[in-house]
Amino acid sequence: MHPLFKSLASFVLRQPRLAAFVRRQRQVRWVSLCFHRFAGPANAGPGEDLVAIDDSLQWLRRCGFVFADLESTVRAALQGRFPDRPTVVVTIDDGFADLIPALPVFGRHGCPVSVFLATDFLDRRAPLWWDQLQLLLAEAPGAVRLQEVAGISWSARWDSAEERVRQGEVLIEMIKRRPEPARLTVIDALAGIVGAAPFSSETTGYAPLRWDDVRALEREGARFGPHTHTHPILAALDHAQAKYEVDTSWARVREEVRQPLSIFAYPDGTPWSFRQRDCDLVRAAGLEAAVTMDGRWALPAAPPVDPFRLGRIGYQARIADLQASVLRLAVPGYGDPAKP
Ligand SMILES: [Zn+2]
């Protein structure tokens with residue numbers, strides 16, 4: 001761990017006034033944290049460092065936060081019962097295999113996890129579309145030019161892997177909000193340009209969980225819910241496509257998992273990425289609730305709660321950033337000059 005990070009973490013952990021302040025709070029809210037990928041041999045891309053996560057969870061406990069599971073916290077809130085202590089709920093999106101070595105870190109702190117699965121990713125075992133795009137660019141000889149492919153023109157040149165990944169992220173942002181066929185056309189065009197063979201089912205570093213892994217992790221206490229089938233942006237789909245994505249992922253989770261988590265996670269989850277229609281489709285599928293990535297708010301400490309728009313925030317590895325985001329959302333009055 002970077003020495004600066006280490007000294008910052010230990011400084012924050014030694015703040016007794018801060019911990020006492022959090023424990024004194026009565027008007028608390030609960031905050032859902034969202035993770036995606038974890039660093040380790042099973043991950044060829046960026047991922048959260050497990051030592052930093054261990055420190056973060058320790059810091060949250062020292063501050064007086066308790067960890068709770070998403071389902072029981074949501075069910076209680078919908079019945080008007082809210083946590084009486086500052087509470088953090090942990091969720092993990094997509095279903096990459098790299099979460100297997102990460103789960104014991106959460107387990108050590110008594111922190112339950114809820115995982116949202118893009119079910120076609122587990123069924124087909126091909127990389128998710130944005131990883132496919134980056135893998136194709138990695139095959140290219142230092143430059144790629146797309147001209148009017150599904151209405152998109154993009155060209156990039158790079159002389160390092162970092163620059164290639166950065167350019168790839170620009171293209172991912174450009175096509176993320178486009179309808180599904182346009183996105184697939186761009187990926188097919190890239191595959192044609194670089195002459196890539198179809199992706200192997202076990203592309204190293206991008207593999208999903210196996211359904212057997214899911215059932216084994218479930219026996220250890222993890223819960224699994226739907227996150228669409230092919231991970232499209234729902235707002236970009238027509239009604240039939242969006243319904244297919246919601247219904248199929250929920251059906252696959254119920255087929256494979258003993259105790260399916262009846263809560264949905266919208267892909268991307270930011271406010272532009274889904275519509276009221278999609279909330280209605282999730283409700284019509286018989287799911288109890290859905291989580292977004294709308295970081296402007298956490299769960300309110302009192303009704304009304306819209307069960308199909310439950311906010312989450314992305315995990316931040318730096319304790320100072322985590323402190324700012326979690327405490328600001330969870331503890332009204334935090335950050336006032338008169339308070340710690
Ligand atoms: Zn996702």
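The following paragraphs describe the composition, cores, helix contacts and selected residues of a predicted model.

The chain contains 13 helices and 10 strands. It comprises 340 residues, 38% of which count as buried. Among contacts between residues at least 6 apart in sequence, 71% join residues that are at least 24 apart.

In soluble globular proteins, nonpolar side chains tend to be buried together. In the present model, the largest nonpolar core has 65 residues. The residues with the most contacts inside this core are Leu33, Val88, Val90, Val115, Ile263 and Ala290. A second, separate core of 10 residues includes Trp129, Leu135, Leu137 and Ile175. For isoleucine 263, when neighbours within four places in sequence are left aside, the contacts are with Leu70, Glu71, Val74, Gly225, Leu287, Glu288, Ala289, Ala290 and Val291. One of these partners, Ala290, is itself listed among the residues with the most contacts inside the largest core.

Two packed helices are described by the angle between their axes and the distance between the axes. Helix α7 (residues 129-139) takes part in a contact with helix α9 (residues 180-194), the two axes coming within 9 Å and crossing at roughly 20°. Angles under 35 degrees count as roughly parallel, and α7 and α9 are therefore roughly parallel to each other. Their crossing is left-handed. On the α7 side the contact involves Trp129, Gln132, Leu133, Leu136 and Glu139, which meet Arg183, Ile187, Leu190, Ala191 and Val194 of α9. Classified by residue type, this contact has seven nonpolar, one polar and two charged residues. Trp129 of this contact also belongs to the second core.

Helix α7 also meets helix α8 (residues 161-176), with axes that come within 10 Å and cross at roughly 135°. The helices α7 and α8 are therefore oblique to each other, and their crossing is right-handed. Here Trp130, Leu133, Gln134, Leu137 and Ala138 of α7 meet Arg164, Val165, Gly168, Leu171 and Ile172 of α8. The contact of α7 with α8 has seven nonpolar, two polar and one charged residues. Leu133 of α7 appears both in the contact with α9 and in the contact with α8, while Leu137, which faces α8 in this list, is included in the second core.

A further helix pair is formed by α11 (residues 239-256) and α12 (residues 276-284), whose axes come within 10 Å and cross at roughly 40°. This angle makes α11 oblique to α12. The crossing of α11 past α12 is right-handed. The contact is made by His239, Ala242, Lys243 and Val246 of α11 together with Arg277, Asp278, Leu281 and Val282 of α12. Its residues divide into four nonpolar, one polar and three charged.

Most residues other than glycine have a negative phi. Aspartate 94, which is not a glycine, has a positive phi of about 95°. This residue is placed in strand β3 (residues 87-94) and is buried, with 21 other C-beta atoms within 10 Å. Alanine 150 likewise is not a glycine and has a positive phi of about 50°. Alanine 150 is located in the loop between β5 (143-149) and β6 (152-157), and with 16 C-beta neighbours inside 10 Å it counts as partly exposed.

Glycine 151 is found in the loop between β5 and β6, where, with 10 C-beta neighbours inside 10 Å, it counts as exposed. Glycine 151 and alanine 182 are 31 residues apart in sequence, and their C-alpha atoms are 8.1 Å apart in space. Alanine 182 falls within the residue range of helix α9, 180-194.

Alanine 118 lies in the loop between β4 (113-117) and α6 (119-124) and is buried, with 26 other C-beta atoms within 10 Å. Apart from residues up to four places away in sequence, alanine 118 touches Asp94, Gly95, Leu128, His227, Thr228, His229, Thr230 and His231. The list thus includes Asp94, the residue with the positive phi in strand β3. For Thr230, which is 112 residues away from alanine 118 along the chain, the separation between C-alpha atoms is 6.0 Å.

How values were computed: Residues numbered from 1 in each chain as written. Predicted model: local features only at pLDDT ≥ 70, side-chain atom pairs only at ≥ 80, totals over all residues. Axes fitted to C-alpha atoms, helices over the stretch in contact; angles between N-to-C directions. Helix = DSSP H or I, 4+ residues; strand = E, 2+ residues; numbered from the N terminus. Parallel < 35°, antiparallel > 145°, perpendicular 65-115°, else oblique. Left-handed = near helix turned anticlockwise from the far one by under 90°. Contact = placed C-beta atoms within 7 Å. Nonpolar A, V, L, I, M, F, W, Y, C, P; charged D, E, K, R; others polar. Buried ≥ 20, exposed ≤ 12 C-beta atoms within 10 Å, placed from the backbone. Core = buried A, V, L, I, M, F, W, Y, C linked by C-beta atoms within 7 Å.
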